[in-house]
Amino acid sequence: METIRIGEKYYDVSKLTEQATSLLQDLQKVEGELGRLALSTSITNVAKNALIERLVAETANLVEVEAPETKAE
């Protein structure tokens, strides 16, 4: 018997209603999308960090100036 854990309880998969099966499939799709987005976020962060490192290296020989004053609103 194949079981599935939902919350803190286990259920026989073959006894799930059509609605429960449909919801489970939707949940699996959402979890897959979250995994894809997490991977994409990780890749984007690696690219961002590499660009920051290159920008810091590119500005190493520039003379630093004071930050401009900000206007109070």
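# From the exposed tail back to the hairpin

In this predicted model, Glu66 counts as exposed because its relative accessibility is 76%, which is over the 50% that sets the lower limit for that class. Glu66 is found in the segment that comes after helix H1, the helix formed by residues 18-58. Between the C-alpha atoms of Glu66 and Asp12, which are 54 residues apart along the chain, the separation is 67 Å.

Moving back into helix H1, the reader meets Leu37, whose place is in that helix. Leu37 counts as partly exposed because its relative accessibility is 39%, a value between the 20% and 50% limits. Together with Val30 and Leu34, Leu37 makes a nonpolar surface patch of about 260 Å².

Helix H1 also holds a charged pair, for Arg36 and Glu33 both lie in it, 3 residues apart, which is about one turn of the helix. Side chains of opposite charge can pair when their charged atoms come close. Arg36 and Glu33 do form a salt bridge, in which the closest N and O atoms are 2.7 Å apart. Arg36 is classed as partly exposed because its relative accessible area is 46%, and Glu33, with a relative accessibility of 36%, is likewise counted as partly exposed.

A search of the whole structure finds 2 salt bridges, and the pair formed by Glu8 and Arg5, whose side chains meet at 3.0 Å, N to O, is one of them. Here the partners fall into separate classes of accessibility: Glu8 is exposed, because its relative accessible area is 68%, whereas Arg5, at 46% relative accessibility, counts as partly exposed.

This pair leads to the strands at the start of the chain. Strand E1, residues 3-6, runs antiparallel to strand E2, residues 9-12, and 4 bridges join the two. Within this pairing, Ile4 stands opposite Tyr11 in E2. The hairpin of E1 and E2 has 2 residues between the strands, and in it Gly7 takes a positive phi near 70 degrees.

The path ends with Met1, which is placed in the segment before strand E1. Met1 counts as exposed because its relative accessibility is 81%. The C-alpha atoms of Met1 and Val13 are 7.8 Å apart in space, although these residues are 12 positions apart in sequence.

How values were computed. Residues are numbered from 1 along each chain as its sequence is written. This is a predicted model: local features need pLDDT of at least 70, side-chain atom pairs count only at pLDDT 80 or more; totals for chains, interfaces and linings use all residues. Side-chain values use heavy atoms; hydrogens and water are left out. Helices (H or I, at least four residues) and strands (E, at least two) are DSSP runs, numbered from the N terminus. Buried means under 20% relative accessible area, exposed over 50%, partly exposed in between (1.4 Å probe, protein chains only). Patches are made of residues with over 30% relative accessible area and no salt bridge: like charges are joined within 9 Å, nonpolar side chains (Val, Leu, Ile, Met, Phe, Trp, Tyr) within 5 Å. Accessible areas come from the Shrake-Rupley method with a 1.4 Å probe; for residues, only the protein chains shown count as cover. A salt bridge is a side-chain nitrogen of Lys or Arg within 4 Å of a carboxyl oxygen of Asp or Glu. Two strands pair if DSSP finds at least two bridges between them.
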